[in-house]
Amino acid sequence: MSARMPIWVGDPSEGEGGELLQEPQTKPHIQTSAVKISLDLLSNPLCEQDQDFLNMVTALDTAMKRMDAFNQEKVNQIQKTVIEPLKKFGSVFPSLNMAVKRREQALQDYRRLQAKVEKYEEKEKTGPVLAKLHQAREELRPVRDDFEAKNKQLLDEMPRFYNSRLDYFQPSFESLIRAQVVYYSEMHKIFGDLTQQLDQPGCPDEQRERENEARLSELRALSIVADD
C-alpha cells in the first residue's frame with residue numbers, strides 16, 4: 001500500500017510580504033525649496049531699502065530653517081525605526097525561500113521513489129519483483145523521512161513566522177506615528193509663531209486681498225508694463 005502524501009504549505013515567497021519590503025521614500029523637496037526661497041529673498045535689494053520687509057523675510061527664513069531641521073530629524077527617525085527594521089525583516093526571506101525549495105526538491109524525490117514502489121507493488125509477486133520492491137522501499141524510507149521532516153518544519157514554523165509580523169512591526173508603526181505627530185505639531189507651532197510675527201492687527205484677509213489687488217492694478221497701469 002502506498003504511503004499518504006502529507007499536506008503542503010504554500011510558498012512564502014509569493015503573496016504577502018512583498019509590498020512591506022518596498023523602502024519608503026522621503027521627499028524633502030518642499031522644505032529645500034522653501035529654504036532656498038527665503039535665502040533668495042534675503043539677498044533681494046528690497047531688504048536693504050525696507051526694514052519692515054527685511055523683518056518679514058528674516059522671520060520667514062528662520063521659520064523655513066526650523067522646518068527643515070525638524071524634517072531632517074523626522075527623516076532620520078523614520079530611517080532608524082522603520083526603514084532599517086524593514087530591511088532586516090526582508091533579510092530572512094532568502095533563507096525562508098531556500099527552505100521551501102529544499103522541501104520541494106525532497107517532495108519530488110519522494111514522489112519519484114514512491115511511484116517506483118507502487119510500480120513493483122502492482123506487478124506479479126515473483127522473486128525478482130519482490131527483491132526489487134524491497135530495494136525500492138529501502139530507498140524510499142530515508143527520502144520519505146527527509147521530506148516529512150522538512151515538511152513538518154515548515155508547517156510548524158511558517159505560522160509562527162507570519163504571526164510574529166505584527167509584534168515585529170508594531171513598534172515601527174508606533175514610532176512612525178509618533179514621528180509624524182511631533183513633526184506636524186512643530187510645524188503648527190512654527191507657522192503659528194510666523195503668523196503672529198507677520199500678522200497685522202485689525203487687518204482681515206479680505207482687506208489684504210483688496211490692498212494687494214489695488215497695488216497690482218497700480219503696477220499694471222505703469223507704461224513700462226502696459227500692453228503694446
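**Reading a predicted helical model: a dialogue**

Q: Over the face of which residue does Lys74 lie, and at what distance from the ring centre?

A: Lys74 lies over the face of Tyr183, with 4.1 Å to the ring centre. Please keep in mind throughout that this is a predicted model. In a second case of this kind, Lys119 is placed over the face of Tyr120, at 5.0 Å from the centre of the ring.

Q: How is the length of a helix to be read, for instance in H3?

A: One compares the reach from the first C-alpha to the last with the span expected at 1.5 Å a residue. Helix H3 covers residues 51-90, which makes 40 residues. Its reach is 56 Å, close to the expected 58 Å.

Q: Where is the kink in H3 centred?

A: The kink is centred on Gln79 and amounts to about 40°.

Q: How many aromatic pairs are there, and how is the geometry of one of them, Phe89 with Phe169, to be described?

A: The count comes to 10 aromatic pairs. For each pair one reads the distance between ring centres and the angle between ring planes, planes over 60 degrees apart being edge-to-face. The centres of Phe89 and Phe169 are 4.8 Å apart and their planes stand at 65°, so this pair is edge-to-face. Phe89 belongs to helix H3 and Phe169 to helix H5 (residues 127-198), so the contact ties together parts that are 80 residues apart in sequence. Both Phe89 and Phe169 are buried.

Q: Which geometry do the rings of Phe93 and Phe161 adopt?

A: Their planes lie at 90° and their centres are 5.9 Å apart, so Phe93 and Phe161 are also an edge-to-face pair. Phe93 is in helix H4 (residues 93-122), whereas Phe161 is in helix H5, so parts 68 residues apart in sequence are tied together. Phe93 and Phe161 are both buried.

Q: Which residues form one aromatic cluster?

A: The cluster consists of Phe89, Phe93, Phe161, Tyr162, Tyr168, Phe169 and Phe173. The four rings just discussed are thus among its members.

Q: Which residues of the largest nonpolar core touch the most other members?

A: The idea is to look for buried nonpolar residues joined through their side chains. The largest such core has 13 residues, and those touching the most other members are Phe89, Phe93, Leu96, Leu154 and Phe161. At least two residues come from each of H3, H4 and H5, and H3 gives the most, with five. Another core lies apart from this one; it has 11 residues, including Val117, Tyr120, Val129 and Leu133.

Q: Why can charged side chains pair with one another?

A: Side chains of opposite charge can pair when their charged atoms come close. In this model the count comes to 11 salt bridges. One of them joins the side chains of Arg137 and Glu121, with 3.0 Å from N to O. Arg137 lies in helix H5 and Glu121 in helix H4, so this salt bridge ties together parts 16 residues apart in sequence.

Q: Are Arg137 and Glu121 buried or partly exposed?

A: The dividing value is 20% relative accessible area, with buried residues under it. Glu121, at 18%, therefore counts as buried. Arg137 has a relative accessible area of 39% and is partly exposed.

Q: How does spacing along a helix bear on such pairs?

A: An α-helix has 3.6 residues a turn, so residues three or four places apart point the same way. Asp156 and Lys152 are four residues apart in helix H5, about one helical turn, and they form a salt bridge whose closest N and O atoms are 2.7 Å apart. Asp156 is partly exposed, at 37%. Asp193 and Lys189 are likewise four residues apart in H5, and the closest N and O atoms of their salt bridge are 3.4 Å apart. Asp193 is partly exposed at 24%, and Lys189 is partly exposed at 45%. Shared partners join Arg66, Lys189 and Asp193 into one network of salt bridges.

Q: Which C-alpha separation is computed for Ile190 and Met64?

A: The separation is 8.7 Å, although their positions lie 126 residues apart along the chain as the sequence distance. Ile190 is in helix H5 and, at 1% relative accessibility, counts as buried.

Key. Residues are numbered from 1 along each chain as its sequence is written. This is a predicted model: local features need pLDDT of at least 70, side-chain atom pairs count only at pLDDT 80 or more; totals for chains, interfaces and linings use all residues. Side-chain values use heavy atoms; hydrogens and water are left out. The expected span of a helix is 1.5 Å times one less than its number of residues. The bend at a residue is the angle between axes fitted to the seven residues ending there and the seven starting there. Rings of Phe, Tyr and Trp (its six-membered ring) pair if their centres lie within 6.5 Å; planes under 30 degrees apart count as stacked, over 60 as edge-to-face and the rest as tilted. Buried means under 20% relative accessible area, exposed over 50%, partly exposed in between (1.4 Å probe, protein chains only). A charge sits over a ring if NZ of Lys or CZ of Arg is within 6 Å of the ring centre and within 35 degrees of the ring normal. A salt bridge is a side-chain nitrogen of Lys or Arg within 4 Å of a carboxyl oxygen of Asp or Glu. A nonpolar core is a set of buried Ala, Val, Leu, Ile, Met, Phe, Trp, Tyr and Cys residues joined through side-chain atoms within 4.5 Å.
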